[in-house]
Amino acid sequence: MKVLCIDGGGIRGLIPALVLAEIERRTGRRMADMIDLVAGTSTGGILACGLTRAGSDGRPRYSAEELAGIYLEEGPRIFRRSLLKRIFSVEGWIDERYEDDGLNSALARYLGEATLADTLIDVLVCAYDIHDRLAFFFRSARARRDPAYDFPLTHVGRATAAAPSYFEPAQVTDVAGARTYPLIDGGVYAVNPSMVAVAELSRGEGLDGLELMLSLGTGTSTRAYTFAETRWWGQLEWARPALDMVFDGVADTIEFEAAALLGERYVRLQTELRRASDDLDDASPDNLSRLTEEAELLIARSGPALDRACAILAG
């Protein structure tokens, strides 16, 4: 059993996309041909859907390099705000920062009319149900058994990417028309979906057969806050920094847990963002270039870990 897990992180998803492109270049194979399960949250969930979407020939439709286009080409349109939006949202303080037309257009272009049940391998994507107040998992294994748990991949991507304050919540309806769910980004509990994947394996074949869990981060934040700066903050000032801290803290905790549980079977490729912005929505040409640099440096620094992962994946 070989598993791929991809973190959330907005535009920073370019980093794992380029790492995956390097793995495909080294192995000469598409990721969906080398793994048994891919778990993703937010931007990682969109990548999970794209990697496993079938083409007309029944093979993976996209390479990881092609999926990097979601960030390089679509990113500036996804994270674009009109002057009216900036004014009426008060820069995102009283309404979501972005309309979802750019995101919906990108999802439609890359995911088309495919559904969760159509994926080439098992997919697990994290979201959160704000009505029933519980973790919500899009699971292709369940979708294949019951249409009430099958969803268009465009809806899966829209729901898992609905980061609070960035995009409005998503309303998704299963293909059977049984129920509609109000969902937001699963990053509120599993920005790193590794432990969710562990739980999924434990429900099925167990962990004994696990050869590799490759976990890809989107870069850790390096922005520091001081006591003097934050001591007088209230709800307004804490809103966005607190969300970023929750995402970072959850990712770090899950990395610790998965590494302790799985040992050498857990390979985590992550980098500190020293050149690129840690903002989830900085899709400027300069930052996209810097994110590309961060990915290249991560690949260069990963050396033995990346070599071992490639050898297991291709084996």
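The following exercises, each with a worked solution, concern helix packing and selected residues in a predicted model.

**Exercise 1. Determine how helix 1 is built and how far it is covered.**

Solution.
- Step 1: Helix 1 covers residues 14-27, which amounts to 14 residues.
- Step 2: From its first C-alpha to its last, helix 1 reaches 20 Å, close to the 20 Å expected at 1.5 Å a residue.
- Step 3: Of the 14 residues in helix 1, 11 are buried, and the helix is mostly covered.
- Step 4: The buried residues include L14, I15, P16, A17, V19 and L20. A21, E22, I23, E24 and T27 of helix 1 are buried as well.
- Step 5: After helix 1 comes G28, which has a positive phi near 70 degrees.

**Exercise 2. Describe the packing of helix 1 against helix 14, from geometry to residue classes.**

Solution.
- Step 1: Helix 14 comprises residues 285-314, and its axis lies 8 Å from that of helix 1, at an angle of about 45 degrees.
- Step 2: An angle that falls under none of the parallel, antiparallel or perpendicular ranges counts as oblique, and helix 1 is therefore oblique to helix 14.
- Step 3: The crossing of helix 1 past helix 14 is right-handed.
- Step 4: Helix 1 contributes L14, I15, L18, V19, E22, I23, R26 and T27 to the contact. From helix 14, the participants include L288, L291, T292, E294, A295 and L298, and I299, L306, D307, C310, L313 and A314 also take part.
- Step 5: Sorted by class, this contact of helix 1 with helix 14 holds 14 nonpolar, two polar and four charged residues.

**Exercise 3. Establish the relative orientation of helix 2 and helix 9, and identify the residues that meet.**

Solution.
- Step 1: Helix 2 spans residues 43-52 and helix 9 spans residues 153-160; their axes are 8 Å apart and make an angle of about 165 degrees.
- Step 2: Angles over 145 degrees count as roughly antiparallel, so helix 2 and helix 9 are roughly antiparallel to each other.
- Step 3: Helix 2 passes helix 9 with right-handed crossing geometry.
- Step 4: On the side of helix 2, the residues are G45, I46 and C49; on the side of helix 9, they are L153, V156, G157 and T160.
- Step 5: The contact of helix 2 with helix 9 consists of four nonpolar and three polar residues, with no charged residues.

**Exercise 4. Analyse the packing of helix 7 on helix 9, then place L107 within it.**

Solution.
- Step 1: Helix 7, residues 101-111, packs with helix 9 at an angle of about 140 degrees, and the axes are 9 Å apart.
- Step 2: The antiparallel class requires an angle over 145 degrees; helix 7 and helix 9 are therefore oblique to each other.
- Step 3: Helix 7 passes helix 9 in a right-handed crossing.
- Step 4: L103, N104, L107, A108 and L111 of helix 7 meet L153, T154, G157 and R158 of helix 9.
- Step 5: By class, the residues in the contact of helix 7 with helix 9 are five nonpolar, three polar and one charged.
- Step 6: L107 is located in helix 7, and with 4% relative accessibility L107 counts as buried.
- Step 7: Apart from neighbours within four places in sequence, L107 contacts I46, G112, T154, G157 and R158.
- Step 8: The C-alpha atoms of L107 and L153 are 8.2 Å apart, although the two residues are separated by 46 residues along the chain.

**Exercise 5. Characterise two serines with positive phi, S42 and S165.**

Solution.
- Step 1: S42 is not a glycine, yet its phi is positive, about 55 degrees.
- Step 2: S42 sits in the loop between strand 2 (37-41) and helix 2.
- Step 3: The relative accessibility of S42 is 7%, so S42 counts as buried.
- Step 4: S165, likewise no glycine, has a positive phi of about 80 degrees.
- Step 5: S165 belongs to the loop between helix 9 and strand 5 (170-173).
- Step 6: With a relative accessible area of 29%, S165 is partly exposed.

**Exercise 6. Locate R274 and find its contacts.**

Solution.
- Step 1: R274 lies in the loop between strand 8 (266-269) and helix 14.
- Step 2: Its relative accessible area is 60%, so R274 is exposed.
- Step 3: Not counting residues up to four places away in sequence, R274 touches T222 and E294.
- Step 4: S221 is 53 residues from R274 along the chain, and their C-alpha atoms are separated by 8.7 Å.

Note on methods:
Residues numbered from 1 in each chain as written. Predicted model: local features only at pLDDT ≥ 70, side-chain atom pairs only at ≥ 80, totals over all residues. Heavy atoms only, no water. Axes fitted to C-alpha atoms, helices over the stretch in contact; angles between N-to-C directions. Helix = DSSP H or I, 4+ residues; strand = E, 2+ residues; numbered from the N terminus. Parallel < 35°, antiparallel > 145°, perpendicular 65-115°, else oblique. Left-handed = near helix turned anticlockwise from the far one by under 90°. Contact = heavy atoms within 4.5 Å. Nonpolar A, V, L, I, M, F, W, Y, C, P; charged D, E, K, R; others polar. Expected span 1.5 Å × (residues − 1). Buried < 20%, exposed > 50% of the residue type's maximum accessible area, 1.4 Å probe, protein only.
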